[in-house]
Amino acid sequence: SGLQHFLLSLGVGVGCFSLVITVSVLNGFEKLVHDNLKGFNGDLRISGDIAKLPIKDLQNLVGIDYIVPYMERKGIISSDKEHRVVTLKAVDMKNLYNVYKMNIKESSIKNDEIVVGQNIALRLNVDVGDEIFVSSPIDQSFVLGIPLQKKMKIGNIFSTNVLDYDDRYVFLPMETGKVLFKRKQIIDGYELRLNSKSSVSEIKSNLLSNFPGGLIVQSWEDLNLALVKAMELEKKGAILILSLIFLVASFNIASILSLISLQKIKNIGILKMLGARGRYLKFSLFLIGLKRGGTGIIFGTTCGTALVLLQNKFNFIPIPDDVYFISTLPMVLYYKDIFIILIISFVFVLFGCFISSHKVTGLKPIKALKWVK
């Protein structure tokens with residue numbers, strides 16, 4: 001009987017433990033990707049009809065720490081015989097590190113320097129201090145038909161390890177951008193960095209309601225909506241698939257409770273002959289299953305949560321940093337995730353308890369006593 005009770009709790013405990021670990025790992029990678037996306041794109045981007053936007057009023061808006069104007073063009077970056085098509089992004093270099101949180105060592109960028117992605121630097125075989133040529137073919141001269149080339153130096157190299165940013169983006173000073181982008185009359189927009197206490201959604205709604213129409217306000221989530229939705233779908237799919245463990249555990253509960261009840265079928269028959277109601281017997285079996293199942297739920301959830309906390313403190317579970325952009329397994333667990341796991345597990349435990357209790361207590365007293373013989 002003790003082994004049966006242990007097996008009853010074990011199935012549910014393993015399911016809870018597995019679900020807690022899986023969800024925490026998915027949350028960890030999701031948080032890392034979100035932080036990198038937010039760091040590279042800023043919290044909010046304003047584009048559209050920028051000419052009508054009163055920049056002084058925007059600067060006075062509560063919750064905004066930094067505002068950086070930007071201009072973007074498809075361009076070419078060249079080094080000796082190597083050429084790469086990239087996205088040239090002209091910004092105010094004084095606030096580069098305040099708005100764009102990139103994994104690099106901060107250093108002052110001069111007017112003749114640019115900041116390139118790590119993959120671009122590797123493909124062009126260049127390093128900090130090397131000279132390269134930057135050009136914008138879209139803004140070529142109508143007279144000669146040759147785009148203006150600007151000789152620049154590599155001032156810094158950034159690494160985000162998100163999407164193709166390291167292989168696509170090049171930051172250059174706004175003054176250089178105005179020289180290269182001859183067809184652009186005004187800037188493309190502004191990128192904003194909010195303070196930690198501000199809500200992105202609230203600032204976004206304030207911008208749309210308080211400033212003239214024609215503006216396009218996008219958060220970092222809007223700019224990377226496909227990736228964000230894909231990661232959310234992946235998490236929901238993992239929870240759904242791992243919930244099948246609880247389905248198997250619920251049938252395990254039903255079978256073990258049914259076996260325990262059949263072992264006590266004589267006692268059940270005697271109790272019914274003495275006038276015990278089937279509802280009372282059903283409730284008693286239901287409580288036995290709920291107690292054992294609840295023990296497994298609490299034990300599995302506690303062990304999973306403890307492992308997450310230990311990993312966050314000691315980082316004892318390594319992962320290959322040549323495959324991932326970190327060296328230890330990231331784990332993040334939210335209260336809502338624990339609540340969802342508890343709800344799912346208890347629903348399946350209740351389902352298993354209901355099946356077993358309803359099946360056994362449905363026997364008539366005489367049949368129960370004859371079945372023992």
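## Strand β8 and its neighbours

In β8, Arg 193 is the bridge partner of Tyr 66. That residue pair is a handy way into this predicted model, since it points to how β2 and β8 sit together. Strand β2 covers residues 64-79, and six bridges join it to β8 in an antiparallel arrangement. Strand β1, residues 44-48, also runs antiparallel to β8, with four bridges joining the two. Two of the facing residues on that side can be named: Ser 47 stands opposite Gly 189, and Leu 44 stands opposite Leu 192.

How much of β8 is buried? Six of the six residues in this strand (189-194) are, so β8 is largely enclosed by the rest of the structure. The side a residue points to makes no difference here: Gly 189, Glu 191 and Arg 193 point one way, Tyr 190, Leu 192 and Leu 194 the other way, and all are buried.

## Strand β1, from β8 to β9

β1 has a second partner to look at. It pairs with β9 (residues 215-219) in the antiparallel sense, over five bridges. One of the contacts to look up is Arg 45, whose bridge partner in β9 is Gln 218. Like β8, β1 is largely enclosed by the rest of the structure, because four of its five residues are buried.

Arg 45 also turns up in another setting: it lies over the face of Tyr 70, at 5.1 Å from the ring centre. Tyr 70 has a second charged neighbour in Lys 89, whose charged end sits over the ring, 5.3 Å from its centre.

## Aromatic pairs around Phe 40

A search of the whole structure turns up seven aromatic pairs. Take Phe 40 and Phe 158 to begin with: their ring centres are 5.6 Å apart and their planes meet at 50°, so this pair is tilted. The two residues come from distant parts of the chain, with Phe 40 in helix α1 (residues 2-41) and Phe 158 in strand β6 (residues 149-158), 118 residues apart. Both Phe 40 and Phe 158 are buried.

What is the geometry of the pair formed by Phe 40 and Tyr 169? Here the ring centres are 5.1 Å apart and the planes lie at 65°, so the pair is edge-to-face. This one links distant parts of the chain as well: Phe 40 in α1 and Tyr 169 in strand β7 are 129 residues apart. Phe 40 has a relative accessible area of 1%, while Tyr 169 has 8%, so both fall under the 20% cut-off for buried. Stepping back, Phe 40, Phe 158 and Tyr 169 belong to one aromatic cluster that also includes Tyr 100, Tyr 165 and Phe 171.

## The whole chain

Overall, the chain has twelve helices and nine strands. Of its 373 residues, 44% count as buried. Contacts between distant positions are a big part of the picture: of the contacts with a separation of 6 or more, 80% are between residues 24 or more positions apart. The accessible surface comes to about 20400 Å², and carbon and sulfur atoms account for 60% of that.

## How far to trust it

The mean pLDDT over the chain is 84, and 87% of the residues score at least 70. Which elements mark the two ends of the range? Strand β7 (residues 169-173) has the highest mean pLDDT, 94, and helix α12 (residues 365-372) the lowest, 54. Where pLDDT is low, the predicted coordinates should not be read in detail.

Definitions and conventions
Residues are numbered from 1 along each chain as its sequence is written. This is a predicted model: local features need pLDDT of at least 70, side-chain atom pairs count only at pLDDT 80 or more; totals for chains, interfaces and linings use all residues. Side-chain values use heavy atoms; hydrogens and water are left out. Buried means under 20% relative accessible area, exposed over 50%, partly exposed in between (1.4 Å probe, protein chains only). Two strands pair if DSSP finds at least two bridges between them. pLDDT is the predictor's confidence in each residue, from 0 to 100. Contact means heavy atoms within 4.5 Å. Accessible areas come from the Shrake-Rupley method with a 1.4 Å probe; for residues, only the protein chains shown count as cover. Rings of Phe, Tyr and Trp (its six-membered ring) pair if their centres lie within 6.5 Å; planes under 30 degrees apart count as stacked, over 60 as edge-to-face and the rest as tilted. A charge sits over a ring if NZ of Lys or CZ of Arg is within 6 Å of the ring centre and within 35 degrees of the ring normal.
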